Each structure stands twice: as C-alpha cells, then as structure tokens.
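Me: Please take a close look at a single part of this structure, and begin with the terms that the description requires. Then continue to the other places that deserve comment.

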Amino acid sequence: MSARRRICVVTGSRADYGLLRWVIDELHADPAIELQLVVTGMHLSPEFGSTWQEIVGDGYPITERVEVLEPSDTPAAICRAIGRGVAGFGEVLGRLRPAFLLVLGDRFEIFAAAQAAMVNNVPIAHIAGGDTTEGAIDEAMRHCISKMAHLHLVSNESSAHRVVQMGEDPTMVRVVGSPGLDNLRRLPLLDRESLAAELGVPLRARNLLITFHPVTLEPDGSARQVTALLNALDALGPEVGLFFTKSNADAGGRQLSEIIDAWIVSRPNARVYASLGQRKYLSLMSHVDAVVGNSSSGLYEAPSLHIPTVDIGDRQRGRLAADSVIHCEATTAAISAALAAASARDCSRTVNPYGDGRSAGRIVSALKSVAQPEALLKKRFHTPGR
C-alpha cells in the first residue's frame with residue numbers, strides 16, 4: 001500500500017476558513033490523503049473571536065499553530081508579523097514535509113507561509129490567484145504568491161489568463177471556481193426565526209449586513225471612508241436593522257472597529273460581531289436586503305443568494321462581479337445613492353460568475369492528479385503565445 005499524500009492547509013482567518021471549509025472536509029475524509037492543518041493569524045486571537053474553536057467544533061484536528069499577530073496593527077507591526085510567520089512556518093514545514101502546501105488568497109500570514117514553503121522546497125498550491133483588487137496591498141501579495149506557487153487553482157477564466165500572463169505553466173492552471181460557494185450548497189442555513197434566536201435580536205422589516213475592511217493603499221482614508229458609510233446608514237433611520245462584522249487584522253483594522261463600536265452605542269438598531277461563523281454569517285446574508293461594505297463575500301457569495309451588494313471604494317476594484325453588485329465611491333452621497341439603487345435592484349436572475357458550488361472536489365482532484373509534486377519545484381518562465 002502506497003503512503004498517503006501529505007497535504008498541508010494553512011488558514012489564518014474566519015474568511016479564508018469559510019472558503020476552505022469543504023476543501024478541508026474532503027481532504028480529511030480522503031483515505032489517500034494525510035491532512036495537515038496549520039492554524040494562524042486571527043484564528044488564535046481572542047480579540048477576533050478565537051475562531052480556531054470553530055475549526056475544532058467542525059471536527060478537524062489542528063496539526064500546528066503559528067502565532068503571528070502583534071498587539072498593534074501599524075505597518076511596522078504587520079511587518080513584524082510577516083517575519084514571525086516566515087520563521088514559524090519555516091520550522092513547521094521543516095517538520096511536516098508535505099507534498100503540497102495549500103493556501104488561499106492574499107493575506108500577509110499566507111504570504112509568510114508561501115515564503116517559508118519556497119525556502120523549504122515545498123510545492124505550493126494556490127487558490128484564487130489571478131484575481132485583481134486594486135485598492136489593497138493584497139493585490140501585490142496575491143501575485144507574489146502566484147509566482148511562488150506551482151499549482152494554480154483559480155476561480156474564473158479571466159484569472160487563469162492573468163496567471164498565464166505572469167509566465168506560469170498553463171498546464172498547472174486549473175479553473176475550479178470559488179470554494180466558498182460550496183457552503184451554500186452543503187451547509188444548511190438557518191430560517192429567519194432560528195437566526196434571530198442565534199443572534200439574540202430580531203430581524204427588522206429591512207436589514208443590512210455590513211463589513212468594512214481597511215483600505216491598505218489609502219491608509220489615511222479608511223477612517224474617513226467608514227465615517228462616510230456610517231453617515232449614509234444614519235440617514236436610513238432607526239427602522240433598518242444594521243448587522244456589522246468587524247474588520248480584519250490588516251493595518252488600521254482596530255481603528256475601524258473602534259469607530260464602529262462607538263457609533264453603535266447610541267443606535268439600538270445596530271449590532272456588531274467579532275465573528276458570526278460561516279453558518280450564521282451566510283444565514284444572515286440570505287435574509288438581509290443588501291450586503292454593504294468592501295468585503296469579497298459581497299462579490300463571491302451574495303450573488304448566489306440573489307442578494308444585492310453595495311461595494312464601496314477601491315478595495316475590491318477590478319474583481320470580477322455579477323450584475324447584483326453596485327460599485328460606488330466612498331462618499332456619503334454616493335453610498336446613499338447606491339443603497340437606494342440596491343433596494344430597487346432585482347437580483348432574482350443573477351448568475352454567479354464564480355462557479356457552481358462544487359469547487360472542493362475539483363481542488364482535491366487537482367492535488368491528487370500531480371504524479372510528482374517535487375518535480376514542479378524547478379520552474380521556468382512560460383511566455384504566452386510561444
């Protein structure tokens with residue numbers, strides 16, 4: 001009997017775990033795979049909800065933990081976190097020696113894991129490369145990870161084309177869709193009454209789900225932009241239910257959370273949560289009238305639920321979007337106009353460009369299809385069209 005293939009999956013936040021959940025599930029259940037699950041970043045922080053507990057609650061054993069976060073989110077602190085991550089992942093990957101490191105997206109802790117894998121000669125499989133998000137430093141980190149990676153598991157044809165433009169081997173680029181959509185097919189969502197009981201507050205006649213992350217290429221603009229958003233929400237009146245999920249651990253995220261925490265104190269129609277978990281988050285998304293902010297979930301998952309999205313500012317600019325997504329500038333007037341447009345938008349026929357909710361199986365099949373992962377380590381530049 002041949003040895004099981006070791007696949008090391010890194011997850012650093014509620015967001016990427018939500019996208020990776022069913023990939024992890026299929027790897028864990030596959031008798032030909034030995035799953036190595038490494039948890040890092042916001043998962044390990046009580047400030048962000050200690051979401052590692054959700055992973056354990058879902059039945060997946062954690063193999064290693066890599067602490068990276070600092071008590072501050074200044075650019076210097078993020079740099080130190082990346083350094084801690086490279087060192088920590090370097091030691092972990094030296095022990096685990098997986099056939100593939102599987103990472104998703106573009107966050108700084110994932111960037112650190114990819115660097116450590118490169119130095120350790122561990123082949124990298126990268127999910128969601130080739131996407132574009134012009135308003136955040138994530139754009140550069142995502143493309144850097146793609147250049148370090150050996151197997152590219154992209155969400156759409158446009159992203160596949162961009163990865164090939166970077167000189168990557170076209171035979172190692174697979175269009176798999178967004179694995180986050182698998183949640184909508186496989187995770188039973190809560191009805192309105194059950195969700196209200198879980199949240200501890202009833203939903204109102206009209207409700208919004210709001211997430212606003214730092215705009216890392218405009219560090220001085222994030223506070224101004226979230227203030228413009230709050231002013232637009234104030235104009236809706238107290239009869240609209242406002243459900244916030246907190247900002248991530250990017251530079252400036254704590255400041256945004258503090259602004260929102262202070263704002264909701266005098267507004268009984270507003271609630272904020274460090275983390276809702278995937279089931280409650282997607283259940284809430286299915287019952288609100290719009291998703292608002294600058295989170296990728298408004299572009300990835302909301303279209304499949306036929307819920308309009310108000311995408312604010314440049315953070316997601318350039319990312320493929322369904323016709324349910326309304327882009328607007330980060331000013332109070334523009335956000336108010338977009339909210340009004342969302343309330344009139346019919347999304348019943350929206351088609352999600354990110355796939356059919358069957359990405360996990362495609363990703364696992366791709367990981368198993370490479371006969372000799374170590375043979376991918378010596379890369380050469382493939383010039384498109386030659």
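Reply: A residue is called buried if its relative accessible area is under 20%, exposed if over 50%, and partly exposed in between (1.4 Å probe, protein chains only). Helices (H or I, at least four residues) and strands (E, at least two) are DSSP runs, numbered from the N terminus. The model is predicted, so local features need pLDDT of at least 70 and side-chain atom pairs pLDDT 80 or more, while totals for chains, interfaces and linings use all residues. Residues are numbered from 1 along each chain as its sequence is written, and side-chain values use heavy atoms, without hydrogens or water.

The part chosen is helix 4, which covers residues 108–119. Of its 12 residues, 9 are buried, so helix 4 is largely enclosed by the rest of the structure. The buried set begins with Phe-108, Glu-109, Ile-110 and Phe-111. It continues with Ala-112, Ala-113 and Ala-114, and it also contains Ala-116 and Ala-117. Glu-109 therefore counts as buried within helix 4 together with Phe-108, Ile-110 and Phe-111. Helix 4 is followed by Asn-121, a residue with a positive phi, near 60°.

Further along the chain comes strand 5, residues 124–127. Strand 5 runs parallel to strand 6, and 3 bridges join the two (strands pair if DSSP finds at least two bridges between them). In this pairing, Ile-127 stands opposite Leu-153 of strand 6.

Strand 6 itself covers residues 151–154. Leu-151 and Leu-153 point one way from strand 6, whereas His-152 and Val-154 point the other way. What is the state of these residues on the two sides of strand 6, buried or exposed? All of Leu-151, His-152, Leu-153 and Val-154 are buried, whichever way they point. Strand 6 is also joined to strand 7 (residues 173–175), again by 3 bridges and again in parallel. Here Val-154 of strand 6 stands opposite Val-175 of strand 7. Strand 6 thus has bridges to strand 5 and to strand 7. Leu-153 has Ile-127 as its opposite residue, while Val-154 has Val-175.

The connections between these strands pass through helices. Strand 5, helix 5 and strand 6 form a β-α-β unit that is right-handed: with the strands pointing away from the viewer, the path from the first strand over the helix to the second runs clockwise. From strand 6 the chain crosses through helix 6, residues 157–165, to strand 7, and this β-α-β crossover is right-handed too.

Asn-121 is one of several places at which phi is positive. Arg-97 has a positive phi of about 45°, although it is not a glycine. Arg-97 is placed in the loop between helix 3 and strand 4 (100–104). With a relative accessible area of 34%, Arg-97 is partly exposed. His-306, likewise not a glycine, has a positive phi of about 60°. The loop that holds His-306 lies between helix 12 (297–300) and strand 12 (309–312). His-306 is partly exposed as well, with a relative accessible area of 35%. Arg-97 and His-306 thus both sit in a loop between a helix and a strand.

Two further residues may be considered, each together with a partner elsewhere in the sequence. Asp-16 lies in helix 1. What is the state of Asp-16, buried or exposed? Asp-16 is buried, with a relative accessible area of 5%. From Asp-16 to Ser-158 the distance is 142 residues in sequence and 21 Å in space, C-alpha to C-alpha. Ala-360 belongs to helix 14, which covers residues 359–369. Its relative accessibility is 0%, so Ala-360 counts as buried. How far apart are the C-alpha atoms of Ala-360 and Gly-180? Those atoms are separated by 9.0 Å, although the two residues are 180 residues apart along the chain.

To return to the part chosen, helix 4 has 9 buried residues among its 12, and Asn-121 follows helix 4 with its positive phi.
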